[in-house]
Amino acid sequence: MKILPIQFSLDKKEIERFNNEIRTTSKLRHPQIAAPMAWGAFHDGRRYFATQFIQGQPLSNWLDRSPLDSKFALSVLYQIAAGLDYVH
């Protein structure tokens, strides 16, 4: 979930930037990119969007392990690169 802080939720420029991010992200369809599922505003005016839940462990859990298996590390890097390549 991404929440736009209240000080930015009052700024039309920041709101437009946030809405552009939601529009752009909602058009992406890739296995390495979490799709937005819901967006809107809380009662206090803060904007938000929530992405799909992806089962698994955070990457940081794997990076904290030592030593990291090189085949696994390359697999993860490939998946990250594939998602970035798709976006850019």
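**Helix 2 and two aromatic pairs**

Let's start with helix 2: its face turned away from the buried side carries the exposed residues K12, K13, R17 and K27 (exposed is over 50% relative accessible area, buried under 20%, partly exposed in between, with a 1.4 Å probe and protein chains only). This is a predicted model, where local features need pLDDT of at least 70, side-chain atom pairs count only at pLDDT 80 or more, and totals for chains, interfaces and linings use all residues. Residues are numbered from 1 along each chain as its sequence is written, and side-chain values use heavy atoms, leaving out hydrogens and water.

**Helix 2**
- On the other side of the picture, the buried residues of helix 2 are E14, I15, F18, I22 and T25.
- Those buried residues fall within an arc of 105° seen down the axis, so they line one face of helix 2 (the arc is that of the directions from the helix axis to the C-beta atoms).
- They pack against strand 1 (2-3), helix 1 (6-9), strand 2 (36-41) and strand 3 (47-51) (contact means heavy atoms within 4.5 Å; helices, H or I of at least four residues, and strands, E of at least two, are DSSP runs numbered from the N terminus).

**Aromatic pairs**
- The structure holds three aromatic pairs (rings of Phe, Tyr and Trp, the last by its six-membered ring, pair if their centres lie within 6.5 Å; planes under 30 degrees apart are stacked, over 60 edge-to-face, the rest tilted).
- One of them is the tilted pair of F18 and F49, 5.7 Å centre to centre with 55° between the planes.
- F18 sits in helix 2 and F49 in strand 3, so this pair ties together parts 31 residues apart in sequence.
- F18 counts as buried at 3% relative accessibility, and F49 does too at 5%.
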